[in-house]
Amino acid sequence: MSLVLVVNAGSSSLKVAVFDAGLREVLAGRVTEIGGPAARVEVGPLVGPRPVADHATALALVFEGMEEAGIPVAALTAAAHRVVHGGAALVAPARVTEGLLTQVEACVPLAPLHNPANLTAIRALARLAPDLPQYASFDTAFHAGMPEVAARYALPAEAEALGLRRYGFHGISYASLVRKVQEMAGNGVPKRLLAFHLGNGASACAILGGRSVASTMGYSPLDGLTMGTRAGGIDGNAVLRLAEVHGIAGAGRILNRESGLLGLGGASDMRALHRAGTAEARFALAHFCYWAVRHAGSLIAAMGGLDAVAFTGGIGENDAEVRAEILRGLRFAGVEFDESANAQGATVLHSEGAGVAVWIVAAEEERQIAMEAMQVQAAEQTGEA
């Protein structure tokens, strides 16, 4: 049996999935509230509250659950990790080495909420299964080919030397989306594809000829669209004012954890806002859609037009009302869609043969990570790496 374990580590959570050689998911699970009193494990038959002190304990429980599900660690041929920030240097999936870990460590100031958790999981797994090859896929890699004029801020060279530039995120999701759109279209990826990854974290991307040329996210995953708890685009001087009043840590907390849909409407979950029906909730929904459309206009300009639109992510896949509002806002760009198909959650909302194609694409980030790890491993075995 040839199996790949995919690990997606957050600061207090761990999502895992196991794929066979045909990229079929044979197991999925998670460990939540790591380090807290409400820690819970859901891996195979191992389900319920458990004391989970750290990521190493979480991974040990993952292995225990896998074993009970008939998937021993010895059956794994590789482990593959999502790493949020690869900086300017890590622009392709790669095998984990000490040198690579040093590079990921150097990117911690660029993603202080994400990269430390990714590193912790990689190191914990290395201790538990030292002979198991590990690979990393980077959320920033898909955007590494953005034109310099799109990636660079108008800052002096000494400021850019601090790593202050646009990187873009959700790249693994967008890479998966491009692959699936190619399958759905049947004749290659549309030349000018506007992609929305809409979830608690939300972004949009201009994909020209299958490659990212512009993204709403920038130096960090904070910029761009209105999100669950993140402010999205905001004037730099407004950030400085927040830091002046609340301190740097307080400003960071407000911008990343207390803003967005939560700050506007009282809830970070779209479903809760729909249920609430208050004036504040309605405004939060309108704000989310308005800025999605407004940023979309900029991305369409970056591509010189529009051939197709695709939605992915929890909101993108499941919230028909939000999709409809965004698509109505894109009518200026030639977008038409089937309202009834949208409401029913159809995959195709407008056929490619009549103007701008519109699709809903199921998120498959874990499968994409497994596929990339397999490709790197195969290249190693054939001497092409």
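Two strands are taken as paired if DSSP finds at least two bridges between them. In this predicted model, β13 and β14 satisfy that criterion with two bridges, in the antiparallel sense. Within this pairing, His-350 has Val-358 of β14 as its bridge partner.

These strands belong to an open sheet of six, ordered β11-β10-β9-β12-β14-β13, with mixed pairing. β11 and β13 (348–350) are the edge strands, each pairing on one side only. From one strand to the next, the twist averages 25°. β12 and β14 run parallel and are joined by four bridges. Here Phe-311 is partnered by Ile-360 in β14. The side chains of β14 alternate: Ala-357 and Trp-359 point one way, Val-358 and Ile-360 the other. All four are buried. Further along the sheet, β9 (residues 192–198) and β10 (residues 202–208) run antiparallel and share seven bridges. Leu-193 stands opposite Ile-207 of β10.

Two helices accompany this sheet. Helix α10 (residues 279–303) lies across β9, β10 and β11, and runs at about 150° to β9. Helix α12 (residues 320–329) packs on the sheet and touches β9, β12 (308–312), β13 and β14 (357–360). The direction of α12 makes about 155° with that of β12.

A second open sheet has eight strands in the order β5-β4-β3-β2-β1-β6-β8-β7, again with mixed pairing. β5 (46–49) and β7 (94–95) each have a single partner strand, so one side of each lacks a neighbour in the sheet. Strand β1 (residues 3–9) runs parallel to β6 (residues 76–83), and five bridges join them. Leu-3 stands opposite Leu-76 in β6. Helix α1 (residues 55–68) packs on this sheet, touching β1, β2 (14–20), β3 (25–32), β4 (40–43), β5 and β6. Its direction makes about 35° with that of β2. Helix α14 (residues 365–381) also packs on the sheet, with contacts to β1, β2, β3, β6, β7 and β8 (134–138). For α14, the angle with the direction of β2 is about 55°.

The pairing of β2 with β3 is antiparallel and covers six bridges. Ala-17 has Ala-28 of β3 as its bridge partner. The two strands form a hairpin with four residues between them. In the turn, Leu-23 has a positive phi of about 60°. β3 and β4 also run antiparallel, joined by four bridges. Gly-29 stands opposite Val-43 in β4.

Ala-79 is found in strand β6. Its relative accessibility is 0%, so Ala-79 counts as buried. Beyond residues up to four places away in sequence, Ala-79 touches Leu-5, Leu-125, Leu-132, Pro-133, Gln-134 and Tyr-135. The C-alpha atoms of Ala-79 and Phe-138 are separated by 14 Å, at 59 residues apart along the chain.

The whole structure contains 22 salt bridges. One of them joins Glu-380 and Arg-95 at 3.4 Å, N to O. Glu-380 lies in helix α14 and Arg-95 in strand β7, so the pair ties together parts 285 residues apart in sequence. Both residues count as partly exposed, Glu-380 at 27% relative accessibility and Arg-95 at 37%. Arg-166 and Asp-223 also meet in a salt bridge, at 3.4 Å, N to O. Arg-166 is in the loop between α5 (157–160) and α6 (171–185), and Asp-223 in the loop between β11 and α7, 57 residues apart. Arg-166 has a relative accessible area of 25%, and Asp-223 one of 23%. A further salt bridge joins Glu-339 and Arg-328 (3.2 Å, N to O). Here the pair ties helix α13 (residues 339–343) to helix α12, across 11 residues of sequence. Arg-179, Lys-180, Glu-183, Glu-364 and Arg-367 are linked in a network of salt bridges.

Arg-230 is placed in the loop between β11 (211–215) and α7 (236–257). Arg-230 is buried yet has no salt bridge. Asp-139, the nearest side chain of opposite charge, is 9.0 Å away. Instead, the Arg-230 side chain reaches the backbone oxygen of Pro-221 at 3.0 Å. Residues up to four places away in sequence aside, Arg-230 touches Gly-201, Met-217, Pro-221, Leu-222, Leu-255, Asn-256, Ser-259 and Gly-260.

Methods. Residues numbered from 1 in each chain as written. Predicted model: local features only at pLDDT ≥ 70, side-chain atom pairs only at ≥ 80, totals over all residues. Heavy atoms only, no water. Buried < 20%, exposed > 50% of the residue type's maximum accessible area, 1.4 Å probe, protein only. Lys, Arg positive; Asp, Glu negative; His and termini not counted. Salt bridge = Lys/Arg side-chain N within 4 Å of Asp/Glu carboxyl O. Polar contact = N/O pair within 3.5 Å; in protein donor to acceptor, adjacent residues only side chain to side chain. Contact = heavy atoms within 4.5 Å. Axes fitted to C-alpha atoms, helices over the stretch in contact; angles between N-to-C directions.
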